[in-house]
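Please follow this explanation with the structure open beside the text. We begin with the surroundings of the ligand and then turn to two individual residues.

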Amino acid sequence: MSEENPYSNASRRLENITGHLNGTGYKEWRTLSPSQTLAVCTNRERKWNGYGYKDTFFRFDDKGTASLLGNRFGHFSSKEYHELRPWLEQTLRINLKTICLAQPTIVEIHSPEVNHDFYDAIKPQGIIISFAEQDRLLHGHGVSTIEIYKLRYGNFNRLPDAVIWPESHEQVEIIVKAAQKFNVGCIPYGGGSNYVDALECPVEEEKRMIVSLDMRHMNRILSLNNENMSVTVEAGAIAKDLEIELRKLGYSLGWNAESIEFSTVGGLAALRSSGLRRSMYGDFENSIINMKFVTPIGTIKQSGHSISSPPIISGPDITNLLLGSEGTLGVITELTFKLHYLAPYRHYISMYFPSFHQGLLFLREIAQKKVVNNLSGARLVDETGLQLVHGFNTATPTVTTIFKEVLKKYYWKKFKGLETGKMCLAAILIDGYDLSKIENYEKRILNLGENFGGVNSGYDLGERMFFMSKGLPYLRDFLLDYYAISDYLDTSASWSNIEALVDKVKETIVTTCRAQNVRPRPYIAVRVDHLYETGVSLTFTYGFNCRNLADPLGTLRRVDQVALVEILRSNGSVSHFTTGIGKRKKESFVESLSEPAIEIMKNVKKTLDPTNIFCSQNLI
Ligand SMILES: Cc1cc2nc3c(=O)[nH]c(=O)nc-3n(C[C@H](O)[C@H](O)[C@H](O)COP(=O)(O)OP(=O)(O)OC[C@H]3O[C@@H](n4cnc5c(N)ncnc54)[C@H](O)[C@@H]3O)c2cc1C
């Protein structure tokens, strides 16, 4: 048990590198502009080898109690999580004395491949470019478990050779033209928060210089139209920064992706994202009125129309082909969004149900019968997911609370049919403009829940359910220190198919783990994340102890692939918007498409990007 922040070594290394920037060697290429360390500044608050903020991490104190440090997450921060360690010891067999600390630095970073003609074409335009090792490393990955594992215990075969920070739409056009002319590969970079290995460089097949195009200097609000309730913004704006500015004016973007602190609006559009409030505000793509998209053959925009006009409903919508293109067709430089009035009130509701099945019936009723108008989000965890929710309990146990808990469990089991190990938990989030209406909705929801055997479990547990998806990546990284590796997979399923799909995927994960010598059996939980009239989106979270495995990453990859195949076989979708496709799901994505669809996509790529400048991955 160490008191030391496990990330401090890494920070020191970064500081050292920054300090050495004016040294010899690659000097000319490393220090091309006074602003060359801006990436370090942009990422100053973030870990270099883990998800999220440097000051936010789990640790065990001297007594072995887990706590979450930092102050980013309100009353979930700087709190002790008393139930977490016993649960982790039981399910993932972690042992506080058996530690697998991350390497302090990446051992070797290959020298950059430099295309001098390309450099000479963009340098005189005042475009910021860096060849510094730390910039290249920070831009060569996202935050998937595999990528974080490589940062902590391994290496990357290929990193971008340089990082460029365009500062305007015109500069992006210059860069893309030069890349086309001098045969350089480009990977647009937003906030680096993707989970599907989308930012990693292609390895063997790509010999050209590859540049990462960090969009975060393009973060200006270009116009805000109160009359039309729309805002036009550069694509590198971090979603949270934009939301903060809009809230000052009484507006909101609405959808609220859970990676909002780090994702850019361009990155969210490129992955066709959404957020936890989608039930009320719609998906990200429903908010987009217009965008500018730079491709090697020119800029695509809805010319002839005022940028803040309502969507153009005539003929095929080209924008829809570009949303979700994941940096493979061009660069989004500007977006126009519709705005929503900020709803000042927020309320969480939670209910225990005797089984996952009962919980699903309850949610289906809510989704299909539109029981309340202002439903923002809904969640449901199964019985194993509930154990994890309890692990995130921040209350300090006392003799009285333990006694009350025992009594409550006895009462629930005897009179309500709620049995530990079988019961599950649903949570509902309501946003609104009128407090009395929200209270009315709450009553309506609780009454409905009771029809399905539900028992009110309060505001706090509901809030915890929604907070957890923000906390889980921090827990994932922490557990790597104790030889526990974990990951998640998202999909969507129709109501009639959910339970069969869940059973099959869980069984497949267990069987694959057994065949891979994973002992003890893996932890697997499933969570409903979003409701539709026709079905839900689901997230499977799974993890296992990897101490005795020769190749933990290989095993994780195998489990991931086999589970994905099973998801498709069980009529689930290859992904839901929380991840996207990337390299991780490419094969399954192609498999899920019909031949004509594949042909269309190949032709779109050939037309827009004939020399494959945008080379991070070909979705087809
Ligand atoms: C804890 C956590 C919670 C998450 N929650 C959500 C959620 O609620 N909803 C959700 O949808 N996703 C979620 N994600 C996934 C992730 O945040 C999204 O995939 C997001 O879209 C990534 O945006 P980014 O700016 O970080 O893009 P990056 O990760 O930098 O890039 C992602 C891809 O988009 C491309 N790209 C980036 N910017 C541009 C651009 N301007 N033009 C063209 N291509 C570009 C890149 O080349 C890459 O292929 C979550 C991830 C984590 C780790």
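In this predicted model, the residues that form the shell around the ligand divide into 16 nonpolar, 17 polar and two charged. The shell comprises 35 residues, of which Pro188, Gly190, Ser259, Thr264 and Ser274 come nearest to the ligand.

Several polar atoms of the protein can be followed to oxygen atoms of the ligand. A backbone N or O atom of glycine 192 lies 2.8 Å from one ligand oxygen atom, and for asparagine 194, again through a backbone N or O atom, the distance to an oxygen atom of the ligand is 3.0 Å. Serine 273 takes part through its side chain, where an N or O atom is 3.1 Å from an oxygen atom of the ligand. On its own the ligand has 970 Å² of accessible area, and the protein covers 98% of this area. Two or more residues of the shell are given by each of strand E6 (185–189), helix H10 (265–270) and strand E13 (331–338), and the largest share, four residues, comes from H10.

From the ligand we move to a residue that carries an annotation. In the unreviewed UniProt entry, the annotation "binding site" covers Arg476, a residue placed in helix H18, which spans residues 459–480. Is arginine 476 buried or exposed? Its relative accessibility is 5%, and arginine 476 therefore counts as buried, since the cut-off for this class is under 20%. Leaving aside residues up to four places away in sequence, arginine 476 touches Tyr51, Val143, Ser144, Thr145, Ile148, Tyr195 and Ser486. Among these contacts, valine 143 can be described in further detail, as the backbone oxygen of valine 143 lies 2.8 Å from a polar atom in the side chain of arginine 476.

Asparagine 571 offers another setting to examine. This residue lies in the loop that runs between helix H20 (552–569) and helix H21 (586–591). Asparagine 571 counts as exposed because its relative accessibility is 60%, and the class of exposed residues begins over 50%. When residues up to four places away in sequence are not counted, asparagine 571 touches Ser492, Asn497 and Leu501. A further point of reference is leucine 138, which is separated from asparagine 571 by 433 residues in sequence and by 37 Å in space, taken from C-alpha to C-alpha.

Read together, the two residues show opposite classes of accessibility: arginine 476 is buried, whereas asparagine 571 is exposed.

Note on methods: Residues are numbered from 1 along each chain as its sequence is written. This is a predicted model: local features need pLDDT of at least 70, side-chain atom pairs count only at pLDDT 80 or more; totals for chains, interfaces and linings use all residues. Side-chain values use heavy atoms; hydrogens and water are left out. UniProt positions are given in the numbering used here, feature names are shortened, and annotations may be inferred rather than shown by experiment. Buried means under 20% relative accessible area, exposed over 50%, partly exposed in between (1.4 Å probe, protein chains only). Contact means heavy atoms within 4.5 Å. A polar contact is a pair of N or O atoms within 3.5 Å; within protein, one must be able to donate a hydrogen and the other to accept it, and residues adjacent in sequence count only if both atoms are side-chain atoms. A residue is near a molecule or strand if one of its heavy atoms lies within 4 Å of it. Accessible areas come from the Shrake-Rupley method with a 1.4 Å probe; for residues, only the protein chains shown count as cover. Ala, Val, Leu, Ile, Met, Phe, Trp, Tyr, Cys and Pro count as nonpolar, Asp, Glu, Lys and Arg as charged, and the others, Gly among them, as polar.
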